[in-house]
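This report introduces a structure to a reader who has not met it before. Please look through the sequence and the structure, and then read on for a few of its local features.

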Amino acid sequence: MGADALIDLPSVVVIGGQSAGKSSLVEAVSGINVPRDSGTCTRCPMECTMSSHASSWSCTITLRIGFDRNGRDLQKPTNVPFGPTITDKSDFEVWLRRAQAAILNPDMSSSTLYTKTAEELGNMKNTLKFSRNVVCVSIEDPDATDLSFYDLPGLIQNEEAEIVALVKNLVEYYTKKENTIILTTIPMSDDMENQQSMSLAKAADPDGKRTIGVLTKPDTLGAGAINQRRKWVEIIEGRSEDHTLRHGFYCVRLPDDAERAQRLSRAESQRRAAEYFDTTPPWKDVTDRHRFGIPGFVSDVSRLLIQLIEETLPCLRDDADKLLTKCIKDLDELPPPLANDPQIEVLGRMNAFCDVFKRFLNGSHEDKRLAQRNRTLYATFKRDIRGTAPDFRPFSQPEQYVPLDDTEGDMTLSERDPGVKVIGINDIRKVIQEAIGWELPNNVPYQAKANLIAQFTKLWVAPSERCLAGINDVLDQVINTLISTHFGRFKVLEDYFGKLIRIQVDIYKARAEIAVKSALELETTPHYTQNTHYLQTLRDKWLSRYKTVRSRPSQYKIRHIREDGGPPETPKASKVRTSSDNGNEWGQGCFSPVASQASVFGSVPTEKNNKGSKGHINSTPVAETLEDKALRALAEAGYANLRISDLARLLPPDPFEEELVVMADVRAYYHVAYKRITDHIPLTIEHALHHALAGQLSQSLLTSWLTDITSGPNISERMNELVSEDASIAQKRIMLSTRKQRLLDIRRRLVTFTDSA
């Protein structure tokens, strides 16, 4: 069936020494002439499959390539037809020589060997000395017995050690399988003990359950070799204690050189052999006549092979079903052959790409990874901008005091931009002095505030660029994936549209970069906002905060400077919250009297602190703080709804009042601009890059495509070129389709095997 390359079928293997008569046995069984040269002429396995279901003789040859030139297994064996169907037996031998030459010269084109003569082939210097690849011979012969067997190179002794080992390894490889019947040819002109083929067969089959001995050259025993003849008769009749096989031994007489030269028919050769065994002692006296001659031997081997196949039939069917299922699965995974008009196919794929791409960008696609990853990048951008907040500390030696990162004193930035410098009260005075021009006395120059604002806005360039670069990377990954998904079936089309799409992507990336720079430039000058209420509220809170802090410097002084160079410890009186904590946005939350007291004046007990273990209110009275007394007294005087932060207004004038006002103004404006830029940059990127690209991509691709195909001399040829299928895919489809048909045929014949047998 030719199925052994796909499933592990039971098989018959013919082995023997170089002069054991193996070639003559193969000729007698198959009815064909094999090459006969001095020395070793068979240098690769030959699989011979004979079928009697034909009205006339014919033969086809196939090369089964399952190993590379170094003898290593190939991932997928291939079957390569070799030459035409042979209908003249006399042509077979030279075609077999040509096929063997093709196996031994893997770098040579097989077709170049089709016309070579036997003499030319004999003079060739082959690339390989031996090969494990197989010449498969399929013979249709109405006079044949249905049988399939492997003929291996003859075992040799007087050759290079490497060649001897190669042939031996080849024999061991084929005989080790448990479902292999081993036919070992043994010349009767030599002792059984000298036969290497018997030693190898015994090593592979110690119990002799699947080995059959074929005794050749009985006519070479002289009339005086009485003891030798008696010993061989004991072996044939199964009476020898030293040489016992389950299926016994057969004795055959094969044509000699003179008879081969006469080209006797198979029937005439078998008649002469039968006459020899029937008239020549001691063979004529053996009772079991079935043990003599080719017909009985071939019939029994064929029956034995069928029996072995029947025993393994359930497993063989399962193997064929599994292979067929996998083959169909692999075939289904390949894209089907192009059925549409090329122009419709290209247009459909282009529109599908643009539609899916647009849904990726607007978040309506089921795959949300682009939106989710971009949101993460925008959150990182917001954190980075948050880290550029001015680090104002209203003291002459600011490094000795803790940062003031919000108006309530309960948050400290976890990540600060390395470009942010600590600025103290004297630093602010210096900035003011350097900005003084022709202002009247008691007027702080606006330029001083502008210079301080520029210190943090210039730090926004790097985070913006990092954010845009990250967004571009995500976009590239999505684009590459979608190009492969929608155009990858056709390599030329994928390269063509991939180039067009990436050109458009690069254009909009450049536009987005310009748009981001423009958005950043808006924050340089003028420094403006219409959100005046928010700005004024924050200004008042920060001014109160700075005044309060200055009135109690000991509360904010860094207690300890760490020797390991790490950040200094903050005062224990402060409740520290990082910028990533939940709660009100830092620098804009409402004052909490309790929080303010805890951060500025020390911790204040709450109702929760006064609860006992069972949840009851502790009866111990809470001591009223000075701030509480002051607020109560002011309320009694008619100044109600005041907070602790308002008490800072009662403090005496500060000699650095102007500097504190500048700090509060700049810090308040930072928060207004921070909230503005952290929205503006992401929206700018989304609109200038994603939405603009999605809106124009379809039209740009269609225009470029139509311009290209109409500018060429042959539109149809160009369209066919764009949707030309990758050669490897087409080849794989052909291979899998052929494999599928073979497996279907194998499966059908395995199902009907018992009936046909």
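Helices (H or I, at least four residues) and strands (E, at least two) are DSSP runs, numbered from the N terminus. The model is predicted, so that local features need pLDDT of at least 70 and side-chain atom pairs count only at pLDDT 80 or more, while totals for chains, interfaces and linings use all residues. Residues are numbered from 1 along each chain as its sequence is written, and side-chain values use heavy atoms, with hydrogens and water left out.

Several loops hold unusual backbone geometry. Pro282, in the loop between helix H8 (266–279) and helix H9 (294–333), is joined to Pro281 by a cis peptide bond with omega about 0°. A cis bond also runs from Thr525 to Pro526, with omega near -5°, and Pro526 is in the loop between helix H15 (491–521) and helix H16 (532–551).

Two residues other than glycine have a positive phi, and their places are listed here.

| Residue | Phi | Loop |
|---|---|---|
| Arg263 | near 50° | between helix H7 (257–261) and H8 |
| Asn641 | about 60° | between helix H18 (626–636) and H19 |

Arg263 is exposed (over 50% relative accessible area, with buried under 20% and partly exposed in between, for a 1.4 Å probe and protein chains only), at 58%, and Asn641 is likewise exposed, at 78%.

Turning to the cysteines, there are zero disulfides, a disulfide being a pair of cysteine sulfur atoms within 2.5 Å. The sulfur of Cys59 is 7.6 Å from the closest cysteine sulfur, in Cys48, which is too far for a bond. Cys59 is buried, at 1% relative accessibility, whereas Cys315 is exposed, at 52%.
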